[in-house]
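Me: I'd like to learn how to read a fold from its coordinates. Can you walk me through one, feature by feature?

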Amino acid sequence: MIKVMFADDEELVRSGLRAMMAVAPDIEVVGEAVDGRSAVEMARRFHPDVALLDIKMRAPDDGIRALRAIQTLPDPPTVAMLTTFDVDEYVSLALRFGADGFLLKDVEPAVLVRAVRDLARGGAVLDPSVAARMVHAHRDEQRAAAPARKLLAALSEREREVVALIGEGLSNAEIGGRLHLSEATVKGYVSAVLSKIGAANRVQAALLAYRGGLVE
């Protein structure tokens with residue numbers, strides 16, 4: 001049996017995933033998480049073969065952070081991001097952080113089941129509608145490298161350290177521990193940095209860290 005868990009903050013989506021998995025005799029759903037934090041706990045407790053994570057759950061426990069945390073487990077599952085959001089920056093970050101697949105939520109049930117089987121065998125899956133955009137996104141990232149470096153150069157050394165750690169997927173508390181700062185101080189740095197670089201959220205800051213070469 002292929003053990004699968006999934007995480008999504010919408011009950012309707014979770015029930016749909018449950019129904020899709022129920023038709024496959026070789027797939028067993030071992031966990032349903034409502035946020036990133038509980039997804040990490042379930043992955044640690046149930047040792048699934050495959051985890052499907054919604055990439056944009058409620059902050060701060062979104063799919064990107066959950067993905068990063070799950071990858072640090074001793075025997076992590078194969079992870080695919082399952083979402084309605086096909087925004088290139090989210091795709092890029094998910095793949096950079098070690099996701100083995102990226103599927104849109106409107107995927108056909110048979111396609112999803114086949115993808116789970118492929119993931120369990122160690123394969124990688126990428127929604128066809130996303131694949132073509134990935135090529136263009138890669139070109140866009142190359143063109144964006146110089147502007148990103150210029151934005152980062154305007155930050156203080158400490159602010160660049162904060163952006164780099166955001167790029168690694170760390171929370172404010174984790175950044176504070178790494179830099180020996182209080183969580184409140186880090187929160188202030190993050191707010192200031194987002195304002196200076198014109199980023200709406202941490203995902204955009206993380207993408208800037210990659211484009212600017214702060215994170216490999």
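Me: Let's start with a helix: which residues of α10 are buried?

Reply: Keep in mind as we go that this is a predicted model. The buried residues of α10 are V203, A205, A206, L207, L208, A209 and Y210. That leaves the helix, residues 202-211, mostly covered, with 7 of its 10 residues buried.

Me: How should I think about positions along a helix in general?

Reply: An α-helix has 3.6 residues a turn, so residues three or four places apart point the same way. In this structure, you can try that on the buried set of α10, which includes A205, L208 and A209. Just past the end, α10 is followed by G213, whose phi is positive, near 85°.

Me: Which residues of α7 meet α10?

Reply: From α7 they are V163, A164, I166 and G167, and on the α10 side they meet R202, A205, A206, A209 and Y210.

Me: And what numbers do I use for a helix pair like that?

Reply: Two packed helices are described by the angle between their axes and the distance between the axes. Here, α7 (residues 157-167) and α10 pack at about 105°, and their axes are 8 Å apart. The range from 65 to 115 degrees counts as roughly perpendicular, so α7 is roughly perpendicular to α10.

Me: Now the sheet. What is the strand order?

Reply: For a sheet, you list the strands as they sit side by side, then check the pairing sense. This one is an open sheet of 6 strands in the order β2-β1-β3-β4-β5-β6, with parallel pairing. β2 and β6 (125-126) stand at the edges with a single partner strand each, so one side of each has no neighbour in the sheet.

Me: How many bridges does β1 make with β2, and how many with β3?

Reply: β1 and β2 (residues 27-33) pair in the parallel sense over 6 bridges, while β1 and β3 (residues 50-53) do so over 4 bridges. F6 is a handy residue to follow: its bridge partner in β2 is E32, and in β3 it is L52. M5 stands opposite A51 in β3.

Me: Is β1 mostly covered or mostly exposed?

Reply: Mostly covered: 5 of the 6 residues in β1 (residues 2-7) are buried.

Me: How do the helices join in with the strands?

Reply: Look for the connection between strands, then for the packing. β1, α1 (residues 11-22) and β2 make a right-handed β-α-β unit. α1 lies across β1, β2 and β4 (78-83), and runs at about 170° to β2. Helix α3 (residues 63-71) also packs on the sheet, touching β3 and β4, and its direction makes about 175° with that of β4.

Me: What about a single residue, say G176: where is it, and is it buried or exposed?

Reply: Start with the element, then the cover, then the neighbours. G176 sits in helix α8 (residues 172-179). G176 counts as buried because its relative accessible area is 5%, and the cut-off is under 20%. Leaving out residues up to four places away in sequence, G176 touches L181 and V186.

Me: And the whole chain, to finish?

Reply: Count the elements, then the cover, then the contacts. The chain has 10 helices and 6 strands, and 48% of its 216 residues count as buried. About 10,500 Å² is exposed, with carbon and sulfur atoms supplying 53% of it. Among contacts with a separation of 6 or more, 66% are between residues 24 or more positions apart.

How values were computed. Residues numbered from 1 in each chain as written. Predicted model: local features only at pLDDT ≥ 70, side-chain atom pairs only at ≥ 80, totals over all residues. Heavy atoms only, no water. Helix = DSSP H or I, 4+ residues; strand = E, 2+ residues; numbered from the N terminus. Buried < 20%, exposed > 50% of the residue type's maximum accessible area, 1.4 Å probe, protein only. Contact = heavy atoms within 4.5 Å. Areas by Shrake-Rupley, 256 points an atom, 1.4 Å probe, with all protein chains shown as cover. Pairing = 2+ DSSP bridges. Right-handed = clockwise from strand over helix to strand, strands pointing away. Axes fitted to C-alpha atoms, helices over the stretch in contact; angles between N-to-C directions. Parallel < 35°, antiparallel > 145°, perpendicular 65-115°, else oblique.
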